[in-house]
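Visitor: I would like to go through this model contact by contact. Where should we start?

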Amino acid sequence: MNPAADVWAKVLALLQNEMTSTTITTWFDDASAVALEEDRFVLFTPSPLKRDIIAARYAPAIQRVLSDLFSAPFRVEVLTEGELESFRKEEKKNDFLPGTEDYVFERFVVGASNKFAHAAALAVADSPGQVYNPLYIYGESGLGKTHLLYAIAHQLHKRDPKLSIIYVKSETFTNELIQAIREGSNQQFREKYRFADVLLMDDVQFVAGRASTQEELFHTFNCLYELKKQIVFTSDRPPKEMLRLDDRLKTRFEWGLLADIQPPDYETRMAIIKNKAIRMGVDLPESLLQMIAENITANVRQIEGAVNKIMAYQQLMGDSVNKDTVFRAVKDMFKDRSDIVPTADVIIDEVCKFYNILPDALRGQGRTKDVSLARQIAMYQIRAMTNISLKEIGKEFDGRDHTTVLHSIDRITKMVKDDPEIREIVKDITTNINIRYE
């Protein structure tokens, strides 16, 4: 499926309301869509004469139709033979953050729930290092925080390709630091991050409780801030709720602007679904748009995933899009999160990642303090998030009996109640487990 071609077909159909069929046949019969970008729609015609006529006479009408479809402004560019070849070569050269080309401001659907965060991100992209530094965007998973990070990066890169822009997840930052310590390449690691013009860090909540990572991030922050380089963080919670975060980092996160994103309201969900469907060439009647918007309420990523599944279902099954088709394609997404039951393997894997230990060590007989605590947390999480019996949980951990398992669960239950640090660790691991099922 070619989204640009599907959009062009819709544009031609709408242009028939204001142009004669003779006009459309004469000037657009051999015109084809080349690309649909964040703010540009590219057409091709083999005739230089038609290229000039379309650009001069009809581009405004095409722009108006595109604006009505996407609720966003578009430039219309018309190419002919030699220009098309140059365009293709230029496309291949653009390897900045590959795979994230759709995550731009023009494709971020703004509503009441995210308007403030969007405006702050746009201000940062317009004046990096001068306003809202650092910018700290927080909210639950799947609401568009990463989209805004990439949008900032793309807008800055478009304006000045020479800027050193680093996007990194906090987990990657930690792993690179560990590798640098092992290989004795700390200087190269520091130069990479401290000489950046823009640092965009995703999921910064995961640096909390990691002493070496926090120390490195503290000095990196100070260096960039003093040089008036832009820093943007995202997290699932505000700094004050990150109980294991060093106070000095917590203070610095709060120096700039805190902007939260809430789950989208009904109108925003409708706009997101409509926008995504049109771009992907999926024709959804209003009643089906409403059906999705009413059933998927908390997560933008799930909303977009629903449209992707409908498109795939239509392609593979050959069904026309109707209520039954939509329901069959996305019925699993209509379940509450409480209905999702992770496997013991997934839970154990996430606990191991958090504590940086091997699954065999967690499942085995090791009795070091960290391994023992991680094992007990894994047992607690399995009991809390699955329907597995105590006996079956014991089998997951080298055949431990149900008494041992019960003791571990009771201990962590008490610690979650009385120890804020353990409570936050359990919350982080739970978040990571849930993300795998989005």
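**Salt bridges, a helix and the whole chain**

Guide: E171 and R210 form a salt bridge, with the closest N and O atoms 3.4 Å apart; a salt bridge here is a side-chain nitrogen of Lys or Arg within 4 Å of a carboxyl oxygen of Asp or Glu. The model is predicted: local features need pLDDT of at least 70, side-chain atom pairs count only at pLDDT 80 or more, and totals for chains, interfaces and linings use all residues. Residues are numbered from 1 along each chain as its sequence is written, and side-chain values use heavy atoms, with hydrogens and water left out.

Visitor: How many residues apart in sequence are the parts that E171 and R210 tie together?

Guide: E171 lies in helix α7 (residues 170–183). R210 is in the loop between β6 (198–202) and α9 (211–226). Helices (H or I, at least four residues) and strands (E, at least two) are DSSP runs, numbered from the N terminus. The pair therefore links parts whose separation in sequence is 39 residues.

Visitor: Is R210 buried or exposed?

Guide: Buried means under 20% relative accessible area, exposed over 50%, and partly exposed in between, with a 1.4 Å probe and protein chains only. E171 has 27% and is partly exposed. R210 has a relative accessibility of 15%, so the class for R210 is buried.

Visitor: Which helices hold R190 and E216?

Guide: The side chains of R190 and E216 meet in a salt bridge at 3.1 Å, N to O. The pair ties together parts 26 residues apart in sequence, because R190 lies in helix α8 (residues 186–194) and E216 in helix α9.

Visitor: What is the relative accessible area of E216?

Guide: Its partner R190 is partly exposed, at 30%. E216 is buried, and its relative accessible area is 5%.

Visitor: What separates E350 and K353 along their helix?

Guide: These two side chains meet in a salt bridge of 4.0 Å, N to O. E350 is buried, with a relative accessible area of 7%. Both residues lie in helix α15 (residues 344–355), three residues apart, so their separation is about one helical turn.

Visitor: Which residues do salt bridges that share partners join into one network?

Guide: A search of the whole structure finds 27 salt bridges. Those that share partners join one network of D236, R237, R244, E424 and D428.

Visitor: How far apart are the end C-alpha atoms of α6?

Guide: Helix α6 (residues 145–159) has 15 residues. The expected span is 1.5 Å times one less than the number of residues, which gives 21 Å for α6. The computed distance agrees with this, at 22 Å.

Visitor: Which elements do the buried residues of α6 pack against?

Guide: Eleven of the 15 residues of α6 are buried, so the helix is largely enclosed by the rest of the structure. Among them are L148, L149, Y150 and I152. The elements they pack against are α5 (115–126), β4 (135–138), β5 (165–169), β6 and β7 (230–235).

Visitor: Leaving aside neighbours within four places in sequence, which residues is Q63 in contact with?

Guide: Q63 lies in helix α3 (residues 48–70) and is partly exposed, at 29% relative accessible area. Contact means heavy atoms within 4.5 Å. Without those neighbours, the residues in contact with Q63 are F74, R75 and V76.

Visitor: What share of the residues in the protein is buried?

Guide: The protein has 20 helices and eight strands, and its C-alpha atoms fill a box of roughly 85 × 55 × 35 Å along the principal axes. Of its 438 residues, the buried share is 50%.
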